[in-house]
Amino acid sequence: MLERKRRKDGTEITFVIPADTPPGPVSVVGDFNDWRPGAHELRAREDGTRAVTVALPGRSTHAFRYLAAGDYWFNDESADGHDGTNSRLQT
């Protein structure tokens, strides 16, 4: 799930997944962090989810995926779209 907060100079996107599915560490990787695993690792929240927030420039489109332990890649079904193997979001 994606949560959005519009800011004067862009948009904060919070990437949210369930706390235990998939198990182990999960990070969001995309063109905004040069596809670097671990750069934006999701952390547990009190509501039973894991999340990480990334500030992105306004009026831009980005490709991303989630990467879990064991080289398990997956998409976000709530993304603005999908392009081949990647999720897409627009700010």
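# Exercises on strands and salt bridges

In this predicted model, four strands make up an open sheet whose order is S1-S2-S5-S4, with antiparallel pairing. The exercises below begin with that sheet and then turn to strand S6 and to the salt bridges.

**Exercise 1. Find which strands stand at the edges of the open sheet, and explain what this leaves without a neighbour.**

Start from the order of the strands, which reads S1-S2-S5-S4. Strands S1 and S4 each have a single partner strand and stand at the edges, so one side of each is left without a neighbour in the sheet. Next, turn to the pair S2 and S5: strand S2, residues 10–18, runs antiparallel to S5 and is paired with it over nine bridges. For one position in this pair, take Val16, whose bridge partner in S5 is Ala51. As general background, the strands of a sheet pair through backbone hydrogen bonds, and they may do so in a parallel or an antiparallel way.

**Exercise 2. Describe how strand S6 is covered, and work out which strands pair with S6.**

Begin with the strand itself, which spans residues 61–68 and is mostly covered, since seven of its eight residues are buried. The cut-off needed for this step is that a buried residue has under 20% relative accessible area.

Then take the pairings in turn. Strand S3, residues 26–30, is joined to S6 by five bridges, and the two run antiparallel; within this pair, Val26 stands opposite Ala68 of S6. Strand S9, residues 86–90, also pairs with S6 in the antiparallel sense, over four bridges, and here Thr61 has Gln90 as its bridge partner. Strand S7, residues 72–74, is paired with S6 over three bridges, again in the antiparallel sense, and the bridge partner of Ala68 in S7 is Tyr72.

Finally, look at the turn of the chain between S6 and S7: these strands form a hairpin with three residues between them, and in this hairpin Gly70 takes a positive phi near 80 degrees.

**Exercise 3. Determine how many salt bridges there are, and say where the partners Glu3 and Arg45 lie in the chain.**

The rule to apply is that a side-chain nitrogen of Lys or Arg must lie within 4 Å of a carboxyl oxygen of Asp or Glu, and by this rule the count comes to five salt bridges. One of them is formed by Glu3 and Arg45, whose closest N and O atoms are 3.3 Å apart. This pair links distant parts of the chain, for Glu3 belongs to strand S1 (residues 2–7) while Arg45 lies in the loop between strand S4 (43–44) and strand S5 (49–57), 42 residues apart. Glu3 is partly exposed at a relative accessible area of 30%, and Arg45 is partly exposed at 28%.

**Exercise 4. For the salt bridges Arg7 with Glu12 and Glu41 with Arg43, decide whether each partner is buried, partly exposed or exposed.**

In the bridge between Arg7 and Glu12, the closest N and O atoms are 3.3 Å apart. Arg7 has 42% relative accessibility and counts as partly exposed, and Glu12, with a relative accessible area of 26%, is partly exposed too. In the other bridge, the side chains of Glu41 and Arg43 meet at 3.4 Å, N to O. Glu41 counts as partly exposed at 28% relative accessibility, whereas Arg43, at 53%, counts as exposed. Beyond these pairs, salt bridges that share partners bring Glu3, Arg45 and Asp47 together in one network.

Technical notes:
Residues are numbered from 1 along each chain as its sequence is written. This is a predicted model: local features need pLDDT of at least 70, side-chain atom pairs count only at pLDDT 80 or more; totals for chains, interfaces and linings use all residues. Side-chain values use heavy atoms; hydrogens and water are left out. Buried means under 20% relative accessible area, exposed over 50%, partly exposed in between (1.4 Å probe, protein chains only). Two strands pair if DSSP finds at least two bridges between them.
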